[in-house]
Amino acid sequence: MESRKTGNAPAHFNVGDLVRVKDLPNLFYSRTQMYVRGVRGTIAARTYEDLLPEDEAWNRDDAQPEQFYIVRFRQKDLWDGYPFENDTLQTELPDRWLEPAGH
Amino acid sequence: MAQTHDHGDHSHPAAPMVEEISEFEILEIAVRELAIEKGLFTAEDHRKFTEWAEQIGPAGGSRLVAKAWTDPAFKARVLSDGVAACREIGIDWAEPTGQGTPSDYMELRVLEDTPTLHHVIVCTLCSCYPRPLLGHSPYWYRSPNYRRRLVRWPRQVLTEFGLVLPPEVEIRVEDSNQKCRFMVLPMRPAGTESWSEEQLAEIVTRDCVIGVALPRPDRKSDDVRPVHKASRPVGGEHHEPGGSP
């Protein structure tokens, strides 16, 4: 059983905020899918604080935990020429991978 | 000589399918064999556990949905804290009690379908699945085919499962890539108004809580599967279909 890491993790976003997924370099391991990078979405939920997968993969238990969010994307924004207006996709991302994307 | 088949301008021998083994599988085998050698458990113990683990079904999810359909207060608790709601029906994510395998992950989010919103779950990076509630995922859920196509062409993939939804209905794909686990709470179908919780649980099949099917009053998880007779059975040129061989 893992012990969830919590602390004073930086949480820069609230439900409803527009964010863009950063396109950071992949250093050995990441759980940020390529298909969401650079794409704008909306914070749908704040989930929990925990270590980044990038740290956890290397047993860096003393690393700084971060806030995670469920981010909602429009399928039209993810895929060129996606033909259905209303369809969406949600996935989960840590604070570090997100930046504000206007209003 | 090996059997060959032609591709127009060239031919090559028919090769057997070779199963590849991943590094994680090699690691599992190595650790398992060491544990057996050390006497921590026997090969028979391991076989029995595997047999048990592989036959666990999605009954926990079916009961959760059926109770949520009949008890609005319970449904509210399911949607606000899935793991706590599971405890109310006897499923403890920390100490699975016969309904699933242990999980390191303790975040369950139940996704409620409405007349204008349909959810479907996938894990594009591996095979994340709410195992304490639903047991092991189906083989196709772990296949690269489902994982890469569902996010890109959800409506086409759902159509392959026999589920065609009108364009007005928002399809929301939930890609489970971190520590939250997801399950779909489908809409209760018409025609089940007077049904008991037990009856309702029977129509909530595994595929309904993944989101690739909708519950129907006439389809239960233990239904007899349709059988299509062969139109030209082996050696049957001179026999009528269904006749004695």
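Okay, let's start with chain B, which has 10 helices and six strands. Before I go on, please keep in mind that this is a predicted model.

Staying with chain B for a moment: 38% of its 245 residues count as buried. If you take the contacts in chain B with a separation of 6 or more, 66% of them come from residues 24 or more positions apart. As for the surface, chain B exposes about 14700 Å², and 55% of that is supplied by carbon and sulfur atoms.

Now over to chain A. Here we have two helices and five strands, and if you walk along the sequence, the pattern reads β-β-α-β-α-β-β. Buried residues make up 48% of the 103 residues in this chain. Do the same exercise with contacts at a separation of 6 or more, and residues 24 or more positions apart account for 63% of them in chain A.

What about the overall dimensions of chain A? The C-alpha trace spans about 45 × 30 × 25 Å along its principal axes. The radius of gyration is 14 Å, and a compact globule with 103 residues would have one near 13 Å, so the two agree. The accessible surface of chain A comes to about 5400 Å², with 48% of that belonging to carbon and sulfur atoms. On the charge side, chain A has 13 positive and 18 negative charges, and their mean positions sit 3 Å apart.

Right, the interface. How many residues of chain B are in contact with chain A? It's 30 residues of chain B, against 30 residues of chain A. People often give the size of an interface as the accessible area lost when the parts come together. For this pair, chain B and chain A bury about 2500 Å² between them, and 45% of that is on carbon and sulfur atoms. If you want to know where to look on the chain B side, go to Arg152(B), Gln178(B) and Lys179(B): they lose the most area to chain A, together 25% of what that side buries.

Last topic, a few loop residues in chain A. Let me put the background first: most residues other than glycine have a negative phi. With that in mind, pull up Phe28(A), which isn't a glycine and yet has a positive phi of about 70 degrees. You'll find Phe28(A) in the loop between β1 (18-21) and β2 (40-50). Is Phe28(A) buried or exposed? It counts as exposed, because its relative accessibility is 74% and the cut-off for exposed is over 50%.

The next one is Asn59(A), again not a glycine, with a positive phi of about 55 degrees. Asn59(A) has its place in the loop between α1 and β3 of chain A. At 64% relative accessibility, Asn59(A) counts as exposed.

While you're in that loop, have a look at Ala57(A), which is found there too, between α1 (53-56) and β3 (66-74). Its relative accessible area is 40%, so Ala57(A) is partly exposed. One more thing to try on screen: draw a line from the C-alpha of Ala57(A) to the C-alpha of Gly81(A). Those two are 24 residues apart in sequence and 36 Å apart in space.

That's what I had; happy to go back to any of it.

How values were computed. Residues numbered from 1 in each chain as written. Chains lettered and ligands numbered in written order. Predicted model: local features only at pLDDT ≥ 70, side-chain atom pairs only at ≥ 80, totals over all residues. Heavy atoms only, no water. Helix = DSSP H or I, 4+ residues; strand = E, 2+ residues; numbered from the N terminus. Buried < 20%, exposed > 50% of the residue type's maximum accessible area, 1.4 Å probe, protein only. Rg over C-alpha atoms; globule rule 2.2 N^0.38 Å. Contact = heavy atoms within 4.5 Å. Areas by Shrake-Rupley, 256 points an atom, 1.4 Å probe, with all protein chains shown as cover. Lys, Arg positive; Asp, Glu negative; His and termini not counted. Charge placed at Lys NZ, Arg CZ, Asp CG, Glu CD. Buried area = accessible area lost by both parts, 1.4 Å probe.
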